[in-house]
Amino acid sequence: MFAFEAAIAQAKANAKKAQPPQNVPMKPECPEAERVMTNDTTYQKLGDILHWSPRGVAIVQDELVGLLEGMETKGQESARAFYLSGWNGDMSFKVDRIGRPSNVIPRPALYVLGGMQPDKLQHYVSQARLGGIKNDGLIQRFQLLTYPNMPTTWNYVDRPHDQQAADDMLNAVLRLRYLKPIDVNAQDSLDGQYAYLKFADDAQPLFINTMRGFETAARKPGVPASIRSHFEKYPRLVAALALIIHLVDGGVGPVSLTATRKSACWAKYLMHHAMRVYASANSASATSVKALADKLKKRALRSGFTRRELERKSWQHLSLKEDLDAALRHAVDAHWLREETPACGEGSRSQIYIINPKTLGE
């Protein structure tokens, strides 16, 4: 920085004396510490953090719904696209904005960790299954999704944590964090941008068969596009998990058969959980339909109501646009409601819904 300031001062002095200009070096960047994780950040600030963290950053939130809803706020419209680009983590990303300095991110790798309430998860999965702009592959990138069963019994447990397991986990993370390609005999790519390990000769056939199974499942007739997109990402997941398991186990050289077998079993386990997650979208629609049916039976709505009137109620399971659309669509198809357009001269031309008297038990 001192050399840069001295060069600028000399250039200014030469300009005052009408001397020929000299070459001025680029202003050096003030380095920042590499970050491992963050909890709450805008995507603009996240880009700045990633600039100094080429090995990626973990976004850890207790409630992931906060992260997803934050992408819908004003000024964060590009956040979804930014997070989508952070899934591969193997290509540079350039950010140019008016009023902000240009930013080159060597490797935008993002790792998202957190939980979500089932009702909220159903909402976002429904958006992916319904298609449209929200079906952009964001949900499909949560590859380690699990949807556990709620235990039917509860037992009080009071015991110390396993300190040895905690130490082993920490040591494994630190070892991977500071691992160098030469330590595991990894090969450099042709362009020198990354290093890689191949599967061992006996592990390669297992990976191919596992990949074939997922690709075949994704192409079965009747498989929704959202689920197909999820399954098509599993081969990459299997390869990534196999590599991580191989390195955690202290492996050197080609990825072992044992690590590949563990990875394949893990992916199959995750596949069953993914099916439960996507099935929850159907449950979400059923819940909204039931909520509307209950309101109709209780005569909480007058015949001839509009969609806007229903929106203003903000009733549970009917406050979100997607839930409301699904409930009204089902009610019309089931002949609980009849959709009509008011004649000219009756004010608003919004669709009105006439309640079938049979729905009210009349």
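Which residue in β10 does F305 stand opposite? F305 stands opposite Y353, and that pair is a handy way into this predicted model. Residues are numbered from 1 along each chain as its sequence is written. Because the model is predicted, local features need pLDDT of at least 70 and side-chain atom pairs count only at pLDDT 80 or more, while totals for chains, interfaces and linings use all residues, and side-chain values use heavy atoms, with hydrogens and water left out.

**The sheet around β10**

Let's start with the strands. Helices (H or I, at least four residues) and strands (E, at least two) are DSSP runs, numbered from the N terminus. An open sheet is formed by 3 strands in the order β8-β10-β9, with antiparallel pairing. β8 (305-306) and β9 (337-340) stand at the edges with a single partner strand each, so one side of each has no neighbour in the sheet. Two strands count as paired if DSSP finds at least two bridges between them. β8 and β10 (residues 352-355) are joined by 2 bridges, and β9 and β10 by 4 bridges. Y353 turns up again here, as the bridge partner of E339. In general, strands of a sheet pair through backbone hydrogen bonds, either parallel or antiparallel.

In a regular strand the side chains alternate between the two faces of the sheet. In β10 both faces are covered: I352 and I354 on one side, and Y353 and I355 on the other, are all buried. Buried means under 20% relative accessible area, exposed over 50%, and partly exposed in between (1.4 Å probe, protein chains only).

**Helix α6 and its patch**

Now to α6 (residues 163-177), the helix in which M169 lies. α6 has 15 residues and reaches 21 Å from its first C-alpha to its last, close to the 21 Å expected at 1.5 Å a residue; the expected span is 1.5 Å times one less than the number of residues. At the N-terminal end, D162 caps α6, with a side-chain oxygen 3.1 Å from the backbone nitrogen of Q164.

M169 also belongs to a nonpolar surface patch with L170, V173, L174 and Y178, and together they have about 510 Å² of accessible area.

**Loop residues**

Two residues stand out for their backbone angles. R299 has a positive phi of about 60 degrees although it is not a glycine, and S314 has one of about 55 degrees, again without being a glycine. Most residues other than glycine have a negative phi. S314 lies in the loop between α11 (307-313) and α12 (321-333).

Here are three loop residues side by side:

| Residue | Loop | Relative accessibility |
|---|---|---|
| D40 | between β1 (37-38) and α2 (43-51) | 71%, exposed |
| D136 | between α5 (118-130) and α6 | 26%, partly exposed |
| R299 | between α10 (257-297) and β8 | 49%, partly exposed |

Two of these residues can also be placed against other parts of the chain. D136 and R80 are 56 residues apart in sequence, with 8.6 Å between their C-alpha atoms. For D40 and Q61, 21 residues apart along the chain, the C-alpha separation is 7.6 Å.

Note on methods:
Patch = residues over 30% accessible without salt bridge, like charges linked within 9 Å, V, L, I, M, F, W, Y side chains within 5 Å. Areas by Shrake-Rupley, 256 points an atom, 1.4 Å probe, with all protein chains shown as cover. Salt bridge = Lys/Arg side-chain N within 4 Å of Asp/Glu carboxyl O. Polar contact = N/O pair within 3.5 Å; in protein donor to acceptor, adjacent residues only side chain to side chain.
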